[in-house]
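Work through these short exercises with the model in view. Try each task before reading its solution.

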Amino acid sequence: MSTEKTGAGAPSKKPLSTDPYKGVRDFYPAEMAVQNHIFGTMRKVVERFGYSEYGASVLEPAELYKAKSGEEIINEQTYTFIDRGEREVTLRPEMTPTVARMIAAERKVLSFPLRWYSIPNLFRYEQPQKGRLREHWQLNVDIFGVKSIQAEVEGISIASGILREFGLKDTDFEILVNSRKVMNYILGEVFALDAEAARVVSKLIDRKEKMPASDFAAKIEAFVGIKHDHEKTQKFLAMLNSQNFDEFISHLPESARAAAAGHEAFVEVQTLLGKLEALGITNARFSQTLMRGFDYYTGIVFEVFDTSPENRRSVFGGGRYDDLLDIFGAEKVAAFGFGAGDVVLRDLLESRNLLPSATKSADLYLAVMGSTLDDSAQEIAQELREAGVRVAVDYSGRKIGDQIKYADKQNIPFVIVIGEEEVKSGTFKLKNLKSGEEKVVKAEEIAKIVLN
RNA sequence: GUCUUUAUGGUGUAAUGGCAGCACGGACCCCUGUGGAGGGUUAAGUUCGGGUUCAAAUCCCGAUAGAGACCCCA
């Protein structure tokens with residue numbers, strides 16, 4: 001043990017682990033470059049739609065998350081602790097309550113509509129698994145103050161636009177759309193389930209794909225108010241298995257069909273799909289089994305899935321939540337938004353080879369012939385930096401060959417060797433490491449060639 | 001919280017109860033104004049804590065961490 005060698009008599013301490021905390025990641029420069037690429041692409045697309053970035057602390061009063069669900073139990077999947085002033089504090093597990101809080105606070109001052117986005121890190125205490133860690137970053141895009149379906153159209157266009165910007169084709173992903181109003185109507189009115197039964201059945205529907213069809217059927221039949229009515233159960237299941245909206249309607253009980261087809265919520269879904277298609281978004285479709293876990297959604301909900309079965313988790317998800325400001329006693333604001341987590345997105349891009357390859361830390365490396373020339377090299381570098389070139393200087397005093405080797409390993413494309421002659425004459429041999437070419441240039445020509 | 005599975009230098013691996021080895025990578029040296037080469041030197045490892053055994057990287061128990069599934073999903 002190396003530690004035991006060191007201390008002469010001193011009690012040896014166990015060295016600290018270099019592992020990051022369970023379920024969180026270190027971002028070494030290579031991973032950080034990927035992360036920056038992901039965030040940069042998101043920002044580019046979102047800002048194209050006129051959205052402004054906001055931010056907030058990772059710490060929130062725990063009550064913010066209790067208030068939302070109305071349940072007493074603070075969710076077990078949060079990091080919650082008591083601070084030195086006896087306040088109960090939670091590391092934010094999602095951004096929506098925070099942004100709702102911010103908007104409620106400034107409700108009277110802000111002019112709507114607001115188009116806001118943020119890329120916060122979020123925490124949840126759970127067992128890490130594919131696509132789920134304890135800390136992740138999530139793009140949050142929200143539009144406030146737009147009641148019309150155009151908010152949904154815009155939000156889903158952004159989601160689609162981001163994935164396209166990453167290089168994905170419309171066939172690589174699909175956008176599933178449902179409506180809380182549709183499902184409330186179906187479960188509550190058409191199948192006459194009480195609120196509790198509707199809630200349980202909603203959860204079941206959400207998990208439908210995770211269990212054998214027979215189990216699912218048995219649970220549906222056993223649970224809900226359609227107990228002992230086998231025919232009705234079959235109808236219900238057939239409805240859930242529908243491939244499209246028309247089929248879905250056709251499986252409703254005869255008596256409800258006409259009313260449903262004309263129901264505002266049903267019309268809304270179809271309108272949305274029509275408008276998306278008109279914008280060239282061809283991969284959106286109705287999905288009656290899409291539920292989403294949040295209780296606060298009030299209308300349209302959507303999720304984006306990878307069409308290859310490798311990534312089962314939704315890449316993006318969101319919906320309309322018009323009532324969330326209620327808990328702050330603020331006047332209602334219409335809201336539609338979605339989140340896009342970095343973990344699942346990264347998995348998706350990686351599986352399709354759409355992540356950028358190594359990035360360069362500098363454009364030009366100055367190899368220096370001996371440390372007496374360091375100062376001269378600094379001066380040359382400084383001038384080039386003023387011209388916008390990213391320049392790094394070698395102070396190692398190593399042999400030129402080694403210095404060039406280093407530049408190559410760092411993926412720096414150009415090298416200039418700084419020696420007595422160069423400093424005196426002001427002309428340099430600019431070496432392109434990719435091609436091996438070497439070109440004699442004057443100082444003022446360097447920037448142009450390197451930045452090209 | 002539950003289950004499955006894994007854990008050997010920085011990385012990738014070998015050693016199936018009997019000398020912890022190899023490759024790549026790192027540092028240094030040789031080659032002294034031009035890279036990926038070669039030669040040489042060197043540092044660096046059995047995740048942690050128990051147990052079985054004459055003997056443990058190897059078998060057993062526990063912990064921790066990774067991967068994945070469940071639960072949950074914010």
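**Exercise 1: a three-stranded sheet**

Glu60 stands opposite Thr90 in strand 4. The model is predicted, with local features requiring pLDDT of at least 70 and side-chain atom pairs pLDDT 80 or more, while totals for chains, interfaces and linings use all residues. Residues are numbered from 1 along each chain as its sequence is written.

Task: Which strands stand at the edges of this sheet?

Solution. Start with the order: the open sheet runs 2-4-3, with antiparallel pairing. Strands here are DSSP E runs of at least two residues, helices are H or I runs of at least four, and both are numbered from the N terminus. Two strands pair if DSSP finds at least two bridges between them. Strand 2 (59–61) and strand 3 (79–82) each have a single partner strand, so one side of each is left without a neighbour in the sheet. Next, count bridges: three join strand 2 to strand 4 (residues 88–91).

**Exercise 2: two helices**

Task: At what angle do helix 6 and helix 12 pack?

Solution. Take helix 6 (residues 180–190) and helix 12 (residues 264–278): the angle is about 145°, and the axes are 8 Å apart. Axes are lines fitted to C-alpha atoms, for helices over the stretch in contact, and angles run from 0 to 180 degrees between N-to-C directions. Now list the contact: Lys181, Val182 and Tyr185 of helix 6 meet Ala265, Phe266 and Val269 of helix 12. Contact requires C-beta atoms, placed from the backbone, to lie within 7 Å.

**Exercise 3: a mixed sheet**

Task: In what order do the five strands lie?

Solution. The order is 14-13-15-16-17, in an open sheet with mixed pairing. Within it, strand 15 (residues 414–418) and strand 16 (residues 427–432) run antiparallel, joined by three bridges. Phe414 stands opposite Asn432 in strand 16.

Methods:
Chains are lettered from A and ligands numbered from 1 in the order in which they are written. Two residues are in contact if their C-beta atoms, placed from the backbone, lie within 7 Å.
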